[in-house]
Each structure stands twice: as C-alpha cells, then as structure tokens.
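Please look through the structure below with an eye to its helices, its small sheet and its nonpolar interior. A short report comes after it.

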Amino acid sequence: MTLSRDAGFEPLSRPSTPELIAERLREAITRGRLAPGQQLGEASLAAQFEVSRGPLREAMQRLVAEGLLRSARNRGIFVVELTDDDVRDIYQARKTIERAAVTEILRDDPRQAAALLRAPVEAMRAAAARHDSTAVADADQEFHEVLVDCAGSPRLHRAMRTLLSETRILLGELEEAYPDLREQVTEHVVLRKAIGAGDETVAVRLIEEHMDDAVHRLLARRTRPASTGDGLPGSTGR
C-alpha cells in the first residue's frame, strides 16, 4: 500500500550524532590514535565530544558490531586486539569476498572496473614516490573497496566494509612489512591489468597470492625481534 498521508517524518539533513561519533572513533582506531587494548572512558570521551553518554554509547556499540571495539562485562569497552588467528581469518574472509567480486566483474564489465581502479592505483604510485606509507595504505584500501563495489552486490559491500575497517588496524603493521612501497604498488598494478584483460584465472590467483602474502608478512613481522641500533633485541633504536 502506498503511503498517501504525512507520517510525521522529519527531513534528514545531516548524519546523526552517534554516526558522527562512530566515524571519529573509527578513524582514531584505524589511524592508531587509540591503541589496541586501550580502554575507552565514557566520561572522558563524552566531555571531549561535548555530548551526553547516550549517543556515545550508541556509537561505541556500532563499533563493537563492526569488530573494532570489544565489550567486556563489568569492565568496559576496549579497542580490539587482533590475534594471529584473527589476521588469518580476516584475510581468508577477504579472499572469499574478493574472489567472488572478481568473478562477478568479469561476467559483467571488466574494462569499466579496470577504469575505476585506475585512480587508486595512481594514488598509490604517487604516494610511494614520495615515501608516504600512510597514503599508500589509504589508496590500498580504496582499491579493494572499489573492486568489491564493482561487483554490484550490496551484501558483499557491507561485509567488505567491516573487513576493511579491521584490516586498517593491521595496515600500520603491514606498512613496516613492505620496506619498498613500490612492491605494494606493483601487486595492484598487475591485478588491475588482469581484471581489465578479463583473465579470471590470473585475477583470482593474484587475489589469493595477495592475501596470502599479506598474512605471511604480518605474522613474520610479529615474530621478528625488534631491531636496535646496538643489535640487541627488545630495545628500541633511533
């Protein structure tokens, strides 16, 4: 039945307060300003945002649902700490989603997808040239988000958005795992070319290798002793 009379809805002119708070917290977590394992104090955050605790709690619960925060009963809310098993699981899920996205893209319009992927690739290339690892990471995220969006599936998009938020927490570690940022760029250049050429076998293989390599680099970095100027593990150098 068509709604024919005023139902009392008010126009939506801007994002809600919880949505804005969630976005600020999400950025702080993924940029490392809120550290893994850090507890979030409601009183302090409410004062900083100049809001009541109601919208703040709603925002934090959104991030709990996204996997960026965890709620510990009778203890509070904490920034999530991703274990080695979490790393493997995140990239396995991404592998599944991105393989499905590539298959859909190649059935539809691979050339258009390749055209849309050009901008993040060029952004990565420019960032690598100026040795800006944070900008490379941002463009990396954009590449994979665009890739999945090109499949035209709202459900793949929603699942991927959550996974990319979790991945962004890891990219600080991954940045250090790529001594030469050009390697990261090259992986995406080659993948984009395979998609544009409509080569499903190569594109899927590259997706799988890309995800497996990320897991290998992350876990290898975690098990490597910290190096120092005096060669002793466990202390920090200049």
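This report covers two helices, the strands, the cores and a few single residues.

The model is predicted.

**Two helices**

Start with helix α1, residues 17–30. It has 14 residues, and at 1.5 Å a residue these should span 20 Å. The end C-alpha atoms of α1 are 20 Å apart, so the expected span and the model agree. Several α1 residues are buried: P18, I21, A22, L25, R26, A28, I29 and T30. G32 follows α1 and has a positive phi, near 85 degrees.

Helix α3 also has a span close to expectation. It has 14 residues and reaches 20 Å from its first C-alpha to its last, against an expected 20 Å. Its buried residues are P55, L56, A59, M60, L63 and E66. These residues lie on the same side of α3, because they cover an arc of only 135 degrees around the axis. Just after α3 comes G67, with a positive phi of about 90 degrees.

**The strands**

Strand β3 pairs with both β1 and β2. β1 covers residues 39–40, and 2 bridges join it to β3. β2 covers residues 69–72, and 4 bridges join it to β3. The β1 and β3 strands run antiparallel, and so do β2 and β3. I77 in β3 stands opposite L40. I77 is also the bridge partner of S71. β2 and β3 form a hairpin with 3 residues between the strands.

**Positive phi outside glycine**

Which residues have a positive phi although they are not glycines? E50 is one of them, and N74 is another. The table sets out their values.

| Residue | Loop | Phi | Relative accessible area |
|---|---|---|---|
| E50 | between α2 and α3 | about 60 degrees | 72% |
| N74 | between β2 and β3 | about 65 degrees | 80% |

Are these two residues buried or exposed? E50 is exposed, with a relative accessible area of 72%. N74 is exposed too, at 80%.

**The nonpolar cores**

How many residues does the largest nonpolar core have? It has 42. Those with the most contacts inside it are L25, I29, L40, M60, L69, Y91 and L174. Elements that give two or more residues to this core include α1, α2 (42–49), α3 (53–66) and β3 (76–79). Helices α4 (84–108), α6 (133–149), α7 (154–177) and α9 (200–223) are also among them. α7 gives the most, with 9 residues. The core draws at least three residues from domain 1 (18–79), and at least three from domain 2 (84–221).

Another core lies apart from this one. It has 26 residues, among them V102, F143, A194 and V204.

L40 links the strands to the interior story. Leaving aside residues up to four places away in sequence, L40 touches L34, L45, M60, L69, I77 and V79. One of these, M60, is a buried residue of α3.

**A residue of α7**

A159 is found in helix α7. Why does A159 count as partly exposed? Its relative accessibility is 32%, and the partly exposed class lies between 20% and 50%. A159 and I97 are 62 residues apart in sequence. In space, their C-alpha atoms are 8.1 Å apart.

Note on methods:
Residues numbered from 1 in each chain as written. Predicted model: local features only at pLDDT ≥ 70, side-chain atom pairs only at ≥ 80, totals over all residues. Heavy atoms only, no water. Helix = DSSP H or I, 4+ residues; strand = E, 2+ residues; numbered from the N terminus. Expected span 1.5 Å × (residues − 1). Buried < 20%, exposed > 50% of the residue type's maximum accessible area, 1.4 Å probe, protein only. Core = buried A, V, L, I, M, F, W, Y, C linked by side-chain atoms within 4.5 Å. Domains from an automatic or database assignment. Contact = heavy atoms within 4.5 Å. Pairing = 2+ DSSP bridges. Arc of directions from axis to C-beta.
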